[in-house]
Amino acid sequence: ASIDIVSKQELPKIKLFDTYRRGIYEFQPLSDKQVTLYACGPTVYDFAHIGNLRNYFFVDTLQRVLTLNNYNVKHVMNITDVGHLTSDADNGEDKMLKGARKRGQSAWDIAKFFEDAFMRDLALLAIKTPTVICRATEHIDEQITYICALEDQGFTYKTADGIYFDTLKLDSYGHLARLDIAGLQAGKRVSIAQKKNITDFALWKFSVQENDSSERQMQWQSPWGLGFPGWHIECSAMSEKYLGAAFDIHVGGEDHIPVHHSNEIAQCEGRHGKQPANFWMHGYFLQMGDEKISKSGRSLLLTQLQEQGYEALAFRYLLLTSHYRSKLRFSLKALDSATIALKRIRNLMAQWPEGGQVNAQAQQRFLSFVNDDLKMPQAVAVLWSVAKSDLKNADKKATLLYFDEVFALSLDIPSKEATKASTKNIPSEVLALAEQRLQARENHNWVESDALRAAILALGFSIKDSAQGYSLEAYIC
């Protein structure tokens, strides 16, 4: 899709929030026509919950907005299938091996199983498949090469359990998260074993540890002996392989700011003397009550919502009602409201004819919001203002389908009720009364609802309520 109504001179500039600079800045890619985007993907030791999926929805929205602005997006996403330890601070067991033991399968088998499940969830949410999907286990050589380069630059040291990055050799370390390094050092209360500093992190871990002769399922030969890579090195190595040492945007969850992304930046600055991305963008958590949804705590899967009768795209609609940099509180009541709204707009769309034109004024308003740091709630408000406007119905339909290139809600797929109603050639006066009655019911105004039902009946139509909204049929006395 491309912008062919608003002229290039009138096109609102894309502005994005950069976590590194802590502000909103005009986006200008390194290349005039292509945007290079790296996204941190899943650690495939378990199913992705709906909190995880919110972050990939955010990345998809960003990509769709860039595409709508005539950019060709090269989107690279990693799959962490080795090296992510139980603690982000490089403590504990590899999450893949822990998951394998829990399920009685090999680490390779569970990685494939949960990656496939993750990709199915993305498809259900209409999230575009990345241009490149790269797995950590398939890029061991690139990671070893990167570590060797850091070793040559003097940023590494060896301990009994691995090769570590010395963070105090970088004055800029922790700037992304505004870390108080001196305070962390002075206030450390836990043992850091042979690490020099509390913020140092593993680049390569040795397979055989003291008092542990067990054999790992995932291990490789390296210049430092048999072992496996740390979690952070994979993203530095693979982003450079597919996007170069400098690229446009790096995205991930808010939990990546203090550890994973801070360490990625350190690795790149150690090797190249500069950070890799011009923009660092982070999506915020989904919450149930006041608690973060997580794999280790409270979690809910997309498939579980489907089992309860919810459409996956209704969840996508719900995500559109909150800005990516704000926490969203999830509830089934909120999902019910999203379901009603989505079915309602689809019902309207199904009754409108084809062949209209995108309204330039509405398009300009829509772009002014989506190009301004992805203000999707305001963009959804534009959708409803167009739906309720006095524009020709055909133009409404064309305009909302244009919006749907970003929303990706399949607005052109009507519900069964909408299909039934659209084949009956129902007068616009009756449809208007039916919409007013639906609003009255949503507001629990039962007196008005009954009065509107009587008015519809007087015009020769009966109305039947359903979970999807309503259906209309000609009434014969």
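Here a learner and a teacher talk through a sheet, two helix pairs and one residue of a predicted model.

Biologist: Let's start with the sheet. In what order do the strands of the open sheet come?

Modeller: General idea first: strands of a sheet pair through backbone hydrogen bonds, either parallel or antiparallel. In this predicted model, the open sheet has 4 strands, running β6-β7-β8-β9, and the pairing is antiparallel.

Biologist: Which strands stand at the edges?

Modeller: Those are β6 (156–158) and β9 (227–229). Each has a single partner strand, so one of its sides has no neighbour in the sheet. Going from one strand to the next, the twist averages 20 degrees.

Biologist: Can we zoom in on one pair? Over how many bridges do β8 and β9 pair?

Modeller: Strand β8, residues 201–206, pairs with β9 over 3 bridges, in the antiparallel sense. If you want a spot to look at, find K205, which stands opposite F228 in β9.

Biologist: And which helix packs on the sheet?

Modeller: That's α7, residues 257–272. Helix α7 touches β7 (162–165) and β8, and its direction makes about 85 degrees with that of β8.

Biologist: Now helix pairs. How do I read the angle between α2 and α3?

Modeller: Take the angle and see which range it falls in. Helix α2 (residues 95–103) and helix α3 (residues 107–124) pack at about 95 degrees, their axes 8 Å apart. Angles of 65 to 115 degrees count as roughly perpendicular, so that is the word for α2 and α3.

Biologist: Which residues make that contact?

Modeller: From α2 you have M96, L97, G99, A100 and R103; α3 brings A107, I110, A111 and F114. By class, this α2 and α3 contact holds 7 nonpolar residues, 1 polar and 1 charged.

Biologist: What about α10 and α15: at what angle do they pack?

Modeller: About 175 degrees, with axes 12 Å apart; α10 covers residues 332–351 and α15 covers 428–442. An angle over 145 counts as roughly antiparallel, so α10 is roughly antiparallel to α15. The contact is made by I340, R344, L348 and Q351 of α10, together with L431, E435, L438, Q439 and E442 of α15. Sorted by class, the α10 and α15 contact has 4 nonpolar, 2 polar and 3 charged residues.

Biologist: One last residue, T339 in α10. Is T339 buried or exposed?

Modeller: Check its relative accessibility: under 20% means buried. T339 is at 13%, so it counts as buried. Leaving aside neighbours within four places in sequence, T339 is in contact with Y310 and A314.

Key. Residues are numbered from 1 along each chain as its sequence is written. This is a predicted model: local features need pLDDT of at least 70, side-chain atom pairs count only at pLDDT 80 or more; totals for chains, interfaces and linings use all residues. Side-chain values use heavy atoms; hydrogens and water are left out. Two strands pair if DSSP finds at least two bridges between them. Helices (H or I, at least four residues) and strands (E, at least two) are DSSP runs, numbered from the N terminus. Axes are lines fitted to C-alpha atoms, for helices over the stretch in contact, and angles run from 0 to 180 degrees between N-to-C directions. Contact means heavy atoms within 4.5 Å. Buried means under 20% relative accessible area, exposed over 50%, partly exposed in between (1.4 Å probe, protein chains only). Angles under 35 degrees count as roughly parallel, over 145 as roughly antiparallel, 65 to 115 as roughly perpendicular and the rest as oblique. Ala, Val, Leu, Ile, Met, Phe, Trp, Tyr, Cys and Pro count as nonpolar, Asp, Glu, Lys and Arg as charged, and the others, Gly among them, as polar.
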